[in-house]
Amino acid sequence: MKQLFFYATLLLIWSSSAMAQYTGNALKLTTDRPIVGQAMGVTYDPSQTKLREATSLEAVVYWLRTNNEPLAQAYTFTKKATKFEAQITAPTDAVAFCIIPQTEEKKDLNNGQTYAFLLYGTDAKPLSGSYASLSYAYANYYYDMGLDDRDIDLAKSLIEKEFGLYPPNKRKFFKEYASTLSPRKEEDKKQLLSDADLLAQNSDLNEEELGTLQQVYQRFQQKEKAEAVQKVKESKFGKKEDMVATYSNFVRTKSSIADKKKEYAKVWNNFPSEPKPIDWQYMTYIHNTYLRMLADSNQWDDFKKTVAEARPKLKSQSMQVYNSSAWNLAKKDQNLEQAAELSIQATQWAKEQINQPRHASDPSSSTDAKIRKGRENQYSTFADTYGYILLKQGKAAEAVPFLKDAAITYGHYKNAEMNERYIQALEKVNPAAIKEVAENAIKKGKSTEAIHTALKQAYLKEKGNENGFEGYIAELNRIASESTRAELREKMILKPAPAFSLVNLEGKPVTLADLKGKTVVVDFWATWCGPCIMSFPGMQKAVDKFKNDPNVAFVFIDTWQTETDKRKNAADFIEKKKYTFNVLLDEKDEVVASYKVSGIPTKFVIDKTGNIRFKSIGFGGNTDALVDELSTMIALANENNQP
């Protein structure tokens with residue numbers, strides 16, 4: 001779910017300037033105003049898209065609904081001359097929809113916008129809830145639809161259009177509206193609290209509306225108002241367990257493991273037989289937290305007993321904790337027997353799930369194919385854990401089939417560490433197979449130093465000497481580089497980078513305009529952000545690699561800090577770690593908002609003309625991979641700006 005999300009049909013309604021900036025001409029409907037229950041034709045011309053070479057095509061349609069998560073349905077297109085065609089019919093509860101054409105390898109996200117449409121009534125007016133559902137899908141289901149990030153500003157503008165068409169819907173969709181406003185923006189805070197106060201004046205608010213009001217007041221530190229709403233809610237609907245508060249208390253309260261057992265039993269015994277989705281969510285958090293507490297305390301009998309007594313809906317989460325607990329034991333070389341017992345149960349369960357039909361708990365926002373892929377990935381992860389434990393136990397022959405499943409059969413060589421563990425097992429059981437596996441791992445760009453060493457040894461054994469090895473490995477690396485470049489090229493975007501003017505730690509002003517003509521890497525970070533800090537050794541390597549290149553610049557924007565002296569806070573951190581970063585201070589959190597960042601670290605690569613070409617969120621954990629990826633992004637951004 002990520003990145004700019006614009007709606008093609010809205011171009012008919014929005015201003016002419018929007019029409020000039022965004023286009024979605026590759027995909028068209030046979031009607032300007034699609035209606036629920038009426039079949040409509042879809043025509044897709046891939047000639048100017050990433051799918052221009054497609055010989056077959058399908059599309060996933062996300063039917064957006066006001067009282068439920070999106071319903072994802074896959075449609076197969078028929079090729080007619082140079083275009084593809086399909087027939088689709090909106091389900092009765094849909095109010096809008098998004099279409100994403102795709103092949104097995106690629107998706108057309110319309111430059112991160114998707115192809116999205118309102119549904120209409122017989123009066124030619126967009127259905128009530130259509131804009132609101134687009135807003136909510138954009139802000140909350142972007143990941144499900146394969147987008148890069150949320151765009152709160154767009155979500156806000158969409159839901160305001162809803163209220164413009166249907167004023168009474170401001171109450172109906174107040175929760176969705178509240179999620180588009182930020183407590184970091186003073187104008188948002190003022191507006192939302194004003195709207196909340198107006199809503200609170202209604203005497204007929206239902207339980208959900210009161211709950212939303214309470215959450216808004218809590219979110220904006222309005223303690224007295226939140227408590228007043230809580231009293232009204234209890235007087236009208238009785239006192240009920242607040243699972244959000246229960247989870248917070250369970251995690252934060254320091255108690256002995258014996259007391260935690262009592263707390264968990266109390267929560268579980270009071271948990272309703274038919275809970276709301278939000279209650280299930282927080283019960284899951286409590287359940288997982290409790291299991292990890294038991295694992296950390298080596299309370300394995302209680303650990304397994306808790307899993308056995310849990311409701312079926314918690315089975316998947318329980319197996320994930322089984323796997324992570326087994327992995328942690330193996331990493332520490334502790335109690336490998338217990339680790340193997342937990343791991344094999346999780347692994348066997350995960351493999352059984354692959355061919356199972358959809359479960360009632362499977363999200364409707366996922367297609368059958370996506371659900372199966374997720375199950376395969378889960379089994380791959382669990383099988384890798386079990387194979388790793390078997391290796392630790394000296395059972396390489398038993399480990400091989402599990403590690404092969406993890407690395408190749410279901411992993412498709414996509415994880416370097418899994419590839420390495422499979423090769424480690426082959427070294428003890430079947431050395432003759434190492435060469436092919438190592439070659440494929442390197443060509444996929446998913447190798448490690450240990451894999452290179454294993455391949456060199458296999459080469460020496462086969463050839464008897466090192467003659468030709470340098471050329472051989474160079475060719476494999478060339479293939480890997482081309483593969484990585486091809487993958488990243490598919491992720492390239494083209495959006496104007498928001499201008500900024502900030503002061504660095506030396507007190508000097510730095511603007512994006514000053515850097516025009518350079519390829520600029522912008523890294524949003526904070527001193528409290530664990531993944532940001534973990535990525536910094538790699539970022540320092542990248543800075544060092546390009547320090548003598550006058551055409552490349554790095555800026556590290558410190559944001560989302562709450563310290564009184566933000567400059568000192570950042571300066572102390574950078575000085576202590578000896579980083580040579582050009583740190584800029586986003587003291588009002590305005591620049592991070594203009595770049596529509598929803599989580600950090602987030603990095604942007606901006607080309608010489610001031611356009612964003614790449615956006616990367618998070619840190620994968622591999623320092624060298626980070627440097628290689630950034631280097632390739634910079635090269636691709638430069639390639640697209642040659643005179």
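In this predicted model, V605 finds its bridge partner in F614 of β16. That pair belongs to the ladder between β15 and strand β16 (residues 611-617), where five bridges hold the two strands together in an antiparallel arrangement. Helix α22 packs on the sheet and touches β12 (519-525), β13 and β14. Set against β14, the direction of α22 makes an angle of about 165 degrees. Zooming out, the sheet is an open one of eight strands, ordered β9-β16-β15-β12-β13-β14-β10-β11, with mixed pairing. The edges are taken by β9 (495-496) and β11 (509-511); each has a single partner strand, so one side of each goes without a neighbour in the sheet.

Several of the loops around these strands have backbone quirks. As background, most residues other than glycine have a negative phi, and most peptide bonds are trans. Going into β15, the loop that follows α23 (590-594) and leads to β15 (602-606) holds P601, and the peptide bond from I600 to P601 is cis, with omega near 5 degrees. One loop further back, between β14 (583-585) and α23, sits D589. D589 is not a glycine, yet its phi is positive, at about 55 degrees. With a relative accessible area of 12%, D589 is also buried, because the cut-off for that label is under 20%. W560 tells a similar story: its phi is near 55 degrees, again a positive value in a residue other than glycine. W560 is placed in the loop that runs from β13 (552-558) to α22 (566-577), and its relative accessible area of 13% makes it buried.

A separate bit of strand pairing involves β6. Strand β6 (residues 83-89) shows a clear split between its faces: F84, A86 and I88 are on the covered one, while K83, E85, Q87 and T89 are on the uncovered one. This fits the general pattern, since in a regular strand the side chains alternate between the two faces of the sheet. On one pairing, strand β2 (residues 39-44) runs antiparallel to β6 and is joined to it by six bridges; here V42 stands opposite A86. On another, strand β5 (residues 78-80) pairs with β6 over three bridges, also in the antiparallel sense, and K79 faces F84 across that ladder. β5 and β6 make up a hairpin with two residues between them. In the turn, A81 has a positive phi of about 60 degrees.

On to cysteines. A disulfide is a covalent bond between the sulfur atoms of two cysteines, and a search of the whole structure turns up one. The disulfide links C529 and C532, with the sulfurs 2.3 Å apart. The link between C529 and C532 is right-handed, with 80 degrees about the S-S bond. Both ends are tucked away: C529 counts as buried at 2% relative accessibility, and C532 counts as buried at 0%. Elsewhere in the chain, C98 is likewise buried, with a relative accessible area of 0%.

Among the helices, one pair is worth a look. Two packed helices are described by the angle between their axes and the distance between the axes. For helix α17 (residues 416-429) and helix α19 (residues 449-463), the axes come within 9 Å and cross at roughly 35 degrees. The crossing of α17 past α19 is left-handed. On the α17 side the contact uses A416, N419, E420, I423 and E427, and on the α19 side A450, I451, A454 and Q457. By character, these contact residues come out as five nonpolar, two polar and two charged.

A454, in helix α19, gives a closer view of that contact. Setting aside neighbours within four places in sequence, A454 touches I423, E427 and I434. The C-alpha atoms of A454 and I434 are 7.4 Å apart in space, with the two positions 20 residues apart in sequence terms. A454 counts as buried because its relative accessibility, 5%, is under the 20% limit.

S273 makes a handy contrast. S273 belongs to the loop that connects α10 (257-270) with α11 (277-296), and at 68% relative accessibility S273 counts as exposed, since that label needs over 50%. S273 and T409 are 136 residues apart in sequence, and their C-alpha atoms are 40 Å apart in space.

Conventions. Residues numbered from 1 in each chain as written. Predicted model: local features only at pLDDT ≥ 70, side-chain atom pairs only at ≥ 80, totals over all residues. Heavy atoms only, no water. Axes fitted to C-alpha atoms, helices over the stretch in contact; angles between N-to-C directions. Helix = DSSP H or I, 4+ residues; strand = E, 2+ residues; numbered from the N terminus. Left-handed = near helix turned anticlockwise from the far one by under 90°. Contact = heavy atoms within 4.5 Å. Nonpolar A, V, L, I, M, F, W, Y, C, P; charged D, E, K, R; others polar. Buried < 20%, exposed > 50% of the residue type's maximum accessible area, 1.4 Å probe, protein only. Disulfide = S-S within 2.5 Å. Pairing = 2+ DSSP bridges.
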